[in-house]
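User: I have a structure open and would like to go through its strands and helices with you. Could we begin with the sheets?

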Amino acid sequence: MKDLECGDNLPVDLLREILVRFPVRLLWQLKSVCRSWNSLISSPEFAMHHLQRSTLTHPPPPLLCWKLPVGLAGDIKHCSSQSLILDRQHQPQPVSHPGDGKFIRGSCNGLLCLSEGFPYKTLTLLNPSTRSVSPSVPFEGSDECGNDFFCGFGYDILHDQYKLVMGCCASSRLTDSKVRSGAIVFTFGANPSWKTVDHPVFPYDFRGARNEIFVSGTLNWLVCDPTSSTIDRELEWFVLTFDLETELFGRFCLPITRMQRDFCEMPPLQVHNNCLSVCYRTPYEPIICTLWIMKEHGVETSWIQLFAIPSDVGISLGSLVVPLYILEDHNLLVLDTGQVCVYNFRQNQLVSRVRHRYNWVYLYCCQESLVSPSHYCGLN
């Protein structure tokens, strides 16, 4: 077995197993130790090994990334959730890539997918942890949906490709007679390509946020059946899902299918411990919200209620509470109106809170990784 040309002369396999346990920021610094270390850490194989290990074990708290709302210029920014938890400080940092005119369309495996223009003229991949960015690639999408579209960004593990999916928010099976040509699937690579796939055959509609959640090789959106409204104006909500390997749409039920009167806002989707989750908010009741997770993706009987946050822990009543990330020691990172909180659901108490002054509508949790944006655009 060939040894690395560094002072320690460790075998490659042993060194790889040591380095893969280090965090991204330290690994990025260790690239300067010697050329062989730089080559190892920069390789796509090492980046994937590091990503898989951090995903299977308990990954470090993610970066929180956002862009100012539509109409406002500014860079794409991020802050470390670790600093929010340990230092109780909110220190947003701009990503070196200019953000004017660009918007975040999704987050997956440490990469952000950015779009520019409308309909999208270009797409760009950005890794905020390493501050590396791919060249922009042209995107020729259809404008038949107008402003009424949804999109998602994810990873096809079978073909080792990143894909962007874009479709019309309202199903063609609704009252309008307009024929939808199909959803668009754009594949990044040395020769980027796009194709159309059939929209879902069942009725669906988006009411509110259209952000996707990537989990288990699928993209997932929260939608409702507009034909299911009752006398009490309740709607049936479900998950619209897209399999990135088969490129087919599907659906499955939520743990609570209809929105009751005491649920004032639609439940946001998130990922906790590599499982799809949904949070039901009840801001005018003794319980602010309940968090459910799907232990086995797509299996409706695997929904379990993980915990409920009571209204007496110090989180504002009437606020739009969004659980972001489950930390170690039963701590939960929670986005509240005007603040980010750490709540311990085992001890049922608020651990800390940090005020912020930003509009977090476009906030994404981005896992720290070494994944190279340029590699998946066929440039190295």
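Analyst: Certainly; please bear in mind that this is a predicted model. One open sheet consists of four strands in the order β9-β10-β11-β12, and their pairing is antiparallel.

User: Which strands stand at the edges of that sheet?

Analyst: The edges are formed by β9 (149-156) and β12 (193-197). Each has a single partner strand, so one side of each is left without a neighbour in the sheet.

User: What does the twist average from one strand to the next?

Analyst: The average is 20°.

User: And how many bridges pair β11 with β12?

Analyst: Five bridges link β11, residues 183-187, to β12 in the antiparallel sense. Within this pairing, lysine 195 of β12 is the bridge partner of valine 185.

User: What holds strands of a sheet together in general?

Analyst: Strands of a sheet pair through backbone hydrogen bonds, and the arrangement is either parallel or antiparallel.

User: There is also the sheet containing β1. What is its strand order?

Analyst: The order is β3-β2-β1-β25, an open sheet of four strands with antiparallel pairing. Its edge strands are β3 (93-94) and β25 (364-366), each of which pairs on one side only. Strand β1 (residues 63-66) runs antiparallel to strand β2 (residues 77-80), and four bridges join them. Tryptophan 66 has lysine 77 in β2 as its bridge partner.

User: Changing topic to helices: at what angle do α1 and α3 pack?

Analyst: Helix α1 (residues 12-19) and helix α3 (residues 35-42) pack at about 65°, and their axes are 11 Å apart. The crossing is right-handed.

User: Which residues make the contact?

Analyst: From α1, the contact uses Leu15, Arg16 and Leu19; from α3, it uses Trp37, Leu40 and Ile41. By class, five of the residues in this contact of α1 with α3 are nonpolar, one is charged and none is polar.

User: Which residues of α3 are buried?

Analyst: Ser36, Trp37, Leu40 and Ile41 are the buried residues of α3. Viewed down the axis of α3, they fall within an arc of 125°, so they line one face of the helix.

User: What covers them?

Analyst: The cover over the buried residues of α3 includes α1, α2 (24-30) and α4 (44-56).

User: Since α4 has come up, I was looking at glutamine 52. Where is its place?

Analyst: Glutamine 52 lies in helix α4. Its relative accessibility is 39%, so glutamine 52 counts as partly exposed. Glutamine 52 and serine 369 are 317 residues apart in sequence, and their C-alpha atoms are 9.9 Å apart in space.

User: Back to strands, then. Why is β18 described as largely enclosed?

Analyst: Strand β18 (residues 275-281) has seven of its seven residues buried, so it is largely enclosed by the rest of the structure. Both of its faces are covered: Cys275, Ser277, Cys279 and Arg281 are buried on one side, and Leu276, Val278 and Tyr280 are buried on the other.

User: How many bridges join β17 to β18?

Analyst: Four bridges join strand β17 (residues 269-272) to β18, and the two run antiparallel. Histidine 272 stands opposite cysteine 275 in β18. The two strands, β17 and β18, form a hairpin with two residues between them, and asparagine 273 in the turn has a positive phi of about 55°.

User: And how many bridges pair β18 with β19?

Analyst: Six bridges pair β18 with strand β19 (residues 287-294), again in the antiparallel sense. Here tyrosine 280 stands opposite threonine 290 in β19.

How values were computed
Residues numbered from 1 in each chain as written. Predicted model: local features only at pLDDT ≥ 70, side-chain atom pairs only at ≥ 80, totals over all residues. Heavy atoms only, no water. Pairing = 2+ DSSP bridges. Axes fitted to C-alpha atoms, helices over the stretch in contact; angles between N-to-C directions. Left-handed = near helix turned anticlockwise from the far one by under 90°. Contact = heavy atoms within 4.5 Å. Nonpolar A, V, L, I, M, F, W, Y, C, P; charged D, E, K, R; others polar. Buried < 20%, exposed > 50% of the residue type's maximum accessible area, 1.4 Å probe, protein only. Arc of directions from axis to C-beta.
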